[in-house]
Amino acid sequence: MTARDALADLRRIAFLLERANEATYRVRAFRSAAKTLAALPADEVAARAQAGTLTELTGVGDVTARCVTESLAGEEPVYLRRLTATEGVDLDEATAALRNALRGDCHTHSDWSDGGSPIEEMALTAVDLGHEYLVLTDHSPRLKVANGLTPARLRRQLEHVAAINAALPEGFRLLTGIEVDILADGSLDQEDDLLAQLDVVVGSVHSGLSDDKAKMTRRMLAAIANPHLDILGHCTGRMVAGRPPGVTGPGDRGHRARTRPPSDFDADAVFAACAEYGKAVEINSRPERQDPPKRLIRVAVEAGCEFAIDTDAHAPGQLDWQRFGCERAARCGVPAERVVNTWAADELLAWTAGHDA
Ligand SMILES: [Zn+2]
Ligand SMILES: [Zn+2]
């Protein structure tokens, strides 16, 4: 294959990142690599690409070196391909189509854990929003700051949900669930028989977020392989902003006001495992989370993962935040049919039951 113009590819990537309003340091990586390489004779760049010594140059890192190597081999760099996959798509249209395709929400909290409102209020709001189902996913025991539910309290909640369901409008279903902590060894923070009973299990990391890459990867892989887990919640744990504007009340207890960097894990391995076990990657719609970052959503799309576009609502009004997640999903080319909450409740339940079987 004939070599591509590696500098043009690097500059194109920088342009697309800037246009998408990505972090400045990421854009700068591509611009400074382009600058360094532009100052060298083309055959030296080619020789270094061949020898794998591009990263010895100032301003050239692993990611940019890989792009250059791919370009010179005549391939469109994977990084560029992911950025251009959604080019020419009308984002407003794609976002609206995705939002309209959603039939429910698989990650929500009530005042039984750290939410601000009773379950009934959350359910009635979901009905008003046109949802066909809502999964109630309060926290698990070890998350004490969020008033996580002990096994006994969760059993009581299940009885309560059954009673509420009987009183809700025909055609709408309040589904049972949990946002279960993924513990340090990758096990899940709730009794097995309870997890097996629940309709939907979202598993999230809430502690040890600065664990090193190998440890975090092992931990996440163990959780994904657990037959009870259906959806991997906010996988990087990052906080891109403090609380969203206007959210100060008890509805956001347990959600930090400070920013936090994403945790470090082997995204290729984690998303490959999600695809292999048929587990969904959550696209968390909360404005202060925006998790996973778009770059990782694109990796998960290519890995063949399924997704859940959820609000992680801690108050009824937040149930309308799905559009934020839809916009990011649309930007990354997430196909609607791979979003599990575009499916009917029965289909969703068959999918989660399949994991336990
Ligand atoms: Zn969480
Ligand atoms: Zn949550």
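## Threonine 217 in helix H10

In this predicted model, threonine 217 is part of helix H10. Apart from residues within four places in sequence, threonine 217 is in contact with Phe265, Asp266, Ala269 and Val270. Threonine 217 counts as buried because its relative accessibility is 8%, and buried means under 20%.

## The zinc site

Three protein residues act as donors to the zinc ion (ligand 1): Glu179 through OE, His206 through NE2 and His234 through NE2. These donors lie 2.1 to 2.2 Å from the ion. Along the sequence, their spacing follows the pattern E-x26-H-x27-H. The two histidines link distant parts of the chain, being 28 residues apart. Histidine 206 belongs to the loop between strand S4 (200-204) and helix H10 (213-225), while histidine 234 belongs to the loop between strand S5 (231-232) and helix H11 (267-277).

Glutamate 179 also bridges two metal ions, the zinc ion (ligand 1) and the zinc ion (ligand 2). The distance between these two ions is 3.4 Å. Is histidine 234 buried or exposed? With a relative accessible area of 2%, histidine 234 is buried.

## Cysteines without disulfides

How many disulfides does the structure hold? The number is 0. A disulfide is a covalent bond between the sulfur atoms of two cysteines, and the cut-off applied here is a separation within 2.5 Å.

Two cysteines illustrate this result. For cysteine 305, the closest cysteine sulfur belongs to cysteine 274 and lies 5.2 Å away, so the pair is too far apart for a bond. For cysteine 332, the closest cysteine sulfur is that of cysteine 235, at 12 Å, which is likewise too far for a bond. Cysteine 305 is buried, with a relative accessible area of 0%, and cysteine 332 is also buried, with a value of 5%.

## Packing of helices H1, H2 and H4

Two packed helices are described by the angle between their axes and the distance between the axes. Helix H1 (residues 6-19) and helix H2 (residues 24-38) meet at an angle of about 160°, and their axes are 9 Å apart. H1 and H2 are therefore roughly antiparallel to each other, since angles over 145 degrees are placed in that class. The crossing of H1 past H2 is left-handed. Residues of H1 that make the contact include Leu7, Leu10, Ile13 and Leu17; on the H2 side they include Val27, Phe30, Ala33 and Leu37.

Helix H4 (residues 62-72) contributes a set of buried residues, namely Thr64, Ala65, Cys67, Val68, Glu70 and Ser71. These buried residues pack against H1, H2, helix H3 (42-51) and helix H5 (78-84). Glycine 74 follows H4 and has a positive phi near 90°.

## Glutamine 157 and arginine 338

Glutamine 157 is located in helix H8 (residues 151-167). Its relative accessibility is 2%, so glutamine 157 counts as buried. Not counting residues up to four places away in sequence, glutamine 157 touches Ser110, Trp112, Ile119, Leu136, Asp138 and Leu149.

Arginine 338 is found in the loop between helix H13 (322-331) and helix H14 (345-356). With a relative accessible area of 22%, arginine 338 is partly exposed. Leaving aside neighbours within four places in sequence, arginine 338 is in contact with Ala300, Val301, Gly304, Cys305, Glu306 and Phe307. One of these partners, Cys305, is the buried cysteine described above. Arginine 338 and glutamate 70 are 268 residues apart along the chain, and their C-alpha atoms are separated by 29 Å.

## Backbone features in loops

Which peptide bond is cis, with omega near 0°? The bond is the one from aspartate 291 to proline 292. Proline 292 is placed in the loop between strand S6 (280-284) and helix H12 (294-303).

Positive phi values also occur at residues that are not glycine. Asparagine 147 has a phi of about 55° and is placed in the loop between strand S2 (133-136) and H8. Aspartate 312 has a phi near 55° and is placed in the loop between strand S7 (306-310) and H13. Asparagine 147 is partly exposed, with a relative accessible area of 37%, whereas aspartate 312 counts as buried, at 1% relative accessibility.

Terms used. Residues numbered from 1 in each chain as written. Chains lettered and ligands numbered in written order. Predicted model: local features only at pLDDT ≥ 70, side-chain atom pairs only at ≥ 80, totals over all residues. Heavy atoms only, no water. Donors = N, O, S within 2.8 Å, 3.2 Å for Na, K, Ca; no water. Helix = DSSP H or I, 4+ residues; strand = E, 2+ residues; numbered from the N terminus. Buried < 20%, exposed > 50% of the residue type's maximum accessible area, 1.4 Å probe, protein only. Axes fitted to C-alpha atoms, helices over the stretch in contact; angles between N-to-C directions. Parallel < 35°, antiparallel > 145°, perpendicular 65-115°, else oblique. Left-handed = near helix turned anticlockwise from the far one by under 90°. Contact = heavy atoms within 4.5 Å.
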